[in-house]
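Below are some notes on the model, set out as numbered points. Please read them alongside the structure.

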Amino acid sequence: MSGLTGGLPLQLSLSQYPFSKMTFQFSRRSILIGTSLVGASALAGCTSVPAPSLQAEAAPRFPPPPALPEPPPPSDHAAMYAAVEDGGYALPAIPYTKVDARFLRQTVPNPTGEPAGTLVVNTTEKFLYFVQKDGTARRYGVGLGRQGYSWKGRAVVQWKRKWPTWTPPDAMIKRDPKLEKWRQGMPPGLDNPLGSRALYIFKDGQDTLYRIHGSPQWRTIGKSASSGCVRMFNQDVMDLYERVPSKTPLLVI
């Protein structure tokens with residue numbers, strides 16, 4: 001068998017080898033292709049085709065795991081409504097977990113449209129708002145008695161009292177003669193209907209008989225009560241008392 005590779009003769013005789021009697025299946029085409037490649041390599045001299053580089057495959061990219069949601073801030077209602085010693089009285093803790101969470105003290109975007117420093121009582125929602133400078137309002141749940149629904153409009157907090165004396169109005173005594181003994185005033189205390197603090201509301205220099213006050217009857221907050229004006233948790237009215245100066249404007253809607 002003979003062929004040309006790069007111009008040089010190539011003689012291939014299988015009879016020269018001891019295994020020449022073995023059967024090989026070569027095609028003329030495959031031998032010619034092979035010898036042509038050898039010739040091309042010889043003619044190239046020191047020029048060589050670089051072997052393909054063996055690069056490590058890049059590690060597959062997986063999307064980062066989703067960020068875990070931020071844990072909710074711990075509730076501070078336990079501290080807000082804890083038992084407290086004040087003015088010589090031991091106020092019990094409010095069982096706030098038994099109260100609709102809407103009526104617990106919280107800061108919300110100001111929904112009233114009123115300027116900072118204004119008190120707003122919404123008698124439908126049973127919320128009291130104290131509008132703050134940053135566009136928010138401090139919101140408190142309230143309970144409303146007959147007197148709480150009887151007056152609407154604008155007024156001012158004329159003054160405020162810690163551990164006030166409660167004097168029932170004549171109309172209330174008439175409805176409940178047992179209150180006659182308090183006609184001259186009921187001393188402050190844990191059972192006093194005005195609770196730990198009271199804000200007295202005046203309009204045009206006249207007492208409206210409208211009060212915002214604490215109440216020992218915590219279950220009535222967020223509800224309608226048989227009597228009284230605007231009731232708050234004792235711990236809430238104490239918080240409000242420290243924020244509201246005399247002459248604070250009030251809107252009842």
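1. How much area does the protein expose, and what share of it do carbon and sulfur atoms supply? The exposed area is about 16300 Å², and carbon and sulfur atoms supply 59% of it; accessible areas come from the Shrake-Rupley method with a 1.4 Å probe, and for residues only the protein chains shown count as cover.

2. This is a predicted model, in which local features need pLDDT of at least 70 and side-chain atom pairs count only at pLDDT 80 or more, while totals for chains, interfaces and linings use all residues. Residues are numbered from 1 along each chain as its sequence is written, and side-chain values use heavy atoms, with hydrogens and water left out.

3. The protein has five helices and 14 strands, taken as DSSP runs numbered from the N terminus (helices H or I, at least four residues; strands E, at least two). Of its 253 residues, 38% are buried, meaning under 20% relative accessible area with a 1.4 Å probe and protein chains only. Among contacts (heavy atoms within 4.5 Å) with a separation of 6 or more, 64% are between residues 24 or more positions apart.

4. An open sheet of mixed pairing contains 10 strands, in the order β5-β8-β7-β6-β14-β10-β11-β12-β13-β9; two strands pair if DSSP finds at least two bridges between them. The edges are β5 (106-109) and β9 (143-144), and each has a single partner strand, so one side of each lacks a neighbour in the sheet. β6 and β7 run antiparallel and are joined by four bridges; V121 has L128 in β7 as its bridge partner.

5. The largest nonpolar core (buried Ala, Val, Leu, Ile, Met, Phe, Trp, Tyr and Cys residues joined through side-chain atoms within 4.5 Å) has 25 residues, and L119, L128, I212 and L240 have the most contacts inside it. Elements giving two or more residues to this core include β6 (119-122), β12 (206-215) and α5 (234-243). α5 gives the most, with four residues. A second, separate core of 15 residues includes F103, A137, I221 and F233.

6. Beyond its neighbours within four places in sequence, L119 has contacts that include L128, I212, L240 and L251.

7. Why is α5 largely enclosed by the rest of the structure? Eight of its 10 residues are buried, so the remainder of the structure largely encloses α5. The buried residues include N234, D236 and D239, as well as L240. α5 lies across several strands, among them β6, β7 and β8 (136-141), and runs at about 100° to β13; axes are lines fitted to C-alpha atoms, for helices over the stretch in contact, and angles run from 0 to 180 degrees between N-to-C directions.

Methods. Buried means under 20% relative accessible area, exposed over 50%, partly exposed in between (1.4 Å probe, protein chains only).
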